[in-house]
Each structure stands twice: as structure tokens, then as C-alpha cells.
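Trainee: Could you help me learn to read a protein model, one feature at a time? I would like the general idea and then the case at hand.

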Amino acid sequence: MTFALTADTQDQSFRLELTPQSALDVGSAIFHGVDLSPGSAIPSDGDPRIDRALPGFLFTCGPDHIRHPVPIEGATDGQRYPLHGSLSSHPARDILIEEDEGQMVCEGHVAVSLAHGGTAELARNWRADRRTGHITLDDTVTNSGKKAWPPFAMYHINFGTGLFDDNTRLTGAMLPDGGLPWRFDEGDMTIFCVPAAETAEHGWAEIAVGPIASLGGRSMFIRFRTDTLPYLQVWRNQSPGCAVLGIEPVSHRLVSREALIASGEAPDFSTGETVSYGLSFEVR
């Protein structure tokens, strides 16, 4: 079954395909007739568990781990956290859609078996305003198991860069000088991670990607809560056969998991505790 957030009016046109088989992330993201997702232009990491989700517009990383595989703390059998954490291989259940002329809401729950043996429950709430084009995501992660563990989160918002030209830029207060070209730095592939909380307004940071000519010169504006997503990671890959830019609100800076835990930046949360995240985006 397919679930989608849609609008089709003179002022607003979008269709976001939600993926129940992968935690209600976003597959294709069509705005004004243009699919912003990278599709096959994003490289495979060789992990079939997540390959089906990576080509989409929004992919959620966590809740037990983010970024690349590392050994599980205390494991004696060589077990490692999987690439991007455990969430994406789990389906959503109890999905409910409500809609009227002005708004669509899609809610669902995801029971997650974590790599270290714990469990988590994700409550996910999508909301789309059909009049303004404003789309929000609110997530709450609960430790539903019997052991404490540190939560991590990163939201990969991926664009196919074949849509970009030399006028397309990244603009945001957290960026050096407030912005930079979409093809920043040298080489085919590069990444950076910067603090976003210090320059946020009322607890929310904003970054814009655009203008995008095929969207009539419009830009995509992405906002995220900085109390639990205080950093912004950005990467791009223009290697042969690849054309992708990732805008990634993230819970932790770009250092090793071991260093984050040792410094106290990744404290445990206990059975029954929760942590919530929020982001929004719109084309205008």
C-alpha cells in the first residue's frame, strides 16, 4: 500500500511518497512536477538492508547509531553497529491518514530491534499544509527495552544535483559567510559538519537550497529543531555515475562514537525515557 502527502492547487503542488516498509521515510518528492530525490544517482553503500531507502528524498539514521559501522560496545564476537543505525530496516505499523481540504496528517509507529540488543519505539507524525506547502515531521523515540543506551539521530535529505546549475547555492546562518555554492570545496566527494544551535532563531535553524531553475527559480527551505539536532552535516558526491547533495540535521558532531561517549556528549537514556526531534521543509 502506498501512502502520500499531496497538494494540487494553483499555488501549491507536491506529492511525497511515504515508505511504510522503511519507517515512513520519503521516497520520491515531487514539487511542481519535479522529483527532487536522487534516485539511482545516489551511490550504493553495498548494504541491501538500506539500499531500497537511500534513493529517496528523506532517510532517517539512528536511533542507536549514525554514520558508518563501528564495533558494539562490550561485544566480544566482533558485532558492529550497521551503517546508519538500525531504524531503516523496520516497517511502520498502525498507519493512520487524516485529511481535509487544508491539511493532511499521516501517523505511524515503528518497533525497532537495536543492534546492541535493546529495543526502541518510534512514533512518527507527518503533517502537510496544502495551502502553504509547509510540511512538518515530528518524531518521538522511546527506550522500550530493559537496558539504557545513548540515542543518536540524523535526517538525510537528499537532492539529485542534476537539477542544479551555477546559480544554486546553500544559504543559512550556520554556514561560513552565510552561504556557499552547492558544489563546495574541491573534488568529486566532500563532507562537512557545523554547529547550528548557536545561530538558530527560537530554537530552529534554517538552510535553503536554491534557486532551482526547474522549479521556476524556487528554493527548498529546510528547518530543524536544534535542542536535539544541534548540528548540520552536508555532503555531496559527484563521482562518475553519482549526482547527490545531502542536507543532514544531526544530533552529534562529526567525530567517532567512542569520542562522543567518552566526552559525555552521548549520555544513556533509561527504560521509558523519550527524546523528540522535529524538522520541516517547503518550496517557495
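Trainee: What does D188 form with R183?

Mentor: Side chains of opposite charge can pair when their charged atoms come close. The rule for a salt bridge is a side-chain nitrogen of Lys or Arg within 4 Å of a carboxyl oxygen of Asp or Glu. D188 forms a salt bridge with R183, and their closest N and O atoms are 3.7 Å apart. Please keep in mind that this is a predicted model, where local features need pLDDT of at least 70, side-chain atom pairs count only at pLDDT 80 or more, and totals for chains, interfaces and linings use all residues. Residues are numbered from 1 along each chain as its sequence is written, and side-chain values use heavy atoms, with hydrogens and water left out.

Trainee: Are D188 and R183 buried or exposed?

Mentor: Buried means under 20% relative accessible area, exposed means over 50%, and partly exposed is in between, with a 1.4 Å probe and protein chains only. D188 counts as partly exposed because its relative accessibility is 36%. R183, at 42%, also counts as partly exposed.

Trainee: How many salt bridges are there by this rule?

Mentor: The count comes to 13. One of them joins the side chains of R93 and E121, at 2.6 Å from N to O. R93 lies in strand 6 and E121 in strand 8, so this pair ties together parts that are 28 residues apart in sequence. A strand here is a DSSP run (E, at least two residues), numbered from the N terminus. R93 is partly exposed at 35% relative accessibility, whereas E121 is buried at 18%.

Trainee: Which residues are linked in a network of salt bridges?

Mentor: They are E206, R223, E282 and R284. Within that group, the side chains of E206 and R284 meet at 4.0 Å, N to O. E206 lies in strand 14 (residues 204-212) and R284 in the segment after strand 18 (274-283), so the pair ties together parts 78 residues apart in sequence. E206 is partly exposed at 32% relative accessibility, and R284 is partly exposed at 45%.

Trainee: Now for the sheet: in what order do its nine strands come?

Mentor: Two strands pair if DSSP finds at least two bridges between them. The open sheet has the order 6-7-8-9-18-15-14-11-12, with antiparallel pairing. Strand 6 and strand 12 (179-181) stand at the edges with a single partner strand each, so one side of each has no neighbour in the sheet. From one strand to the next, the twist averages 15°.

Trainee: What joins strand 6 to strand 7?

Mentor: Five bridges join strand 6 (residues 93-99) to the antiparallel strand 7 (residues 103-113), and a hairpin connects them through three residues. You met R93 in a salt bridge; in the sheet, R93 stands opposite H109 in strand 7. Over at the other edge, strand 11 (residues 169-171) and strand 12 pair antiparallel over three bridges. There, R169 has P181 as its bridge partner.

Trainee: Which strand gives the most to the lining of the largest cavity?

Mentor: Strand 8 does, with four residues. On a 1 Å grid over the protein atoms alone, a cavity is a set of points where a 1.4 Å probe fits but cannot get out, and lining residues have an atom within 4 Å of a point. The lining has 16 residues, and T60, P63, L87, L122 and V141 lie nearest the cavity's centre.

Notes: 1 Å grid on protein atoms, 1.4 Å probe; cavity = no way out; pocket = protein on both sides within 12 Å on 5 of 7 lines; lining within 4 Å. Axes fitted to C-alpha atoms, helices over the stretch in contact; angles between N-to-C directions.
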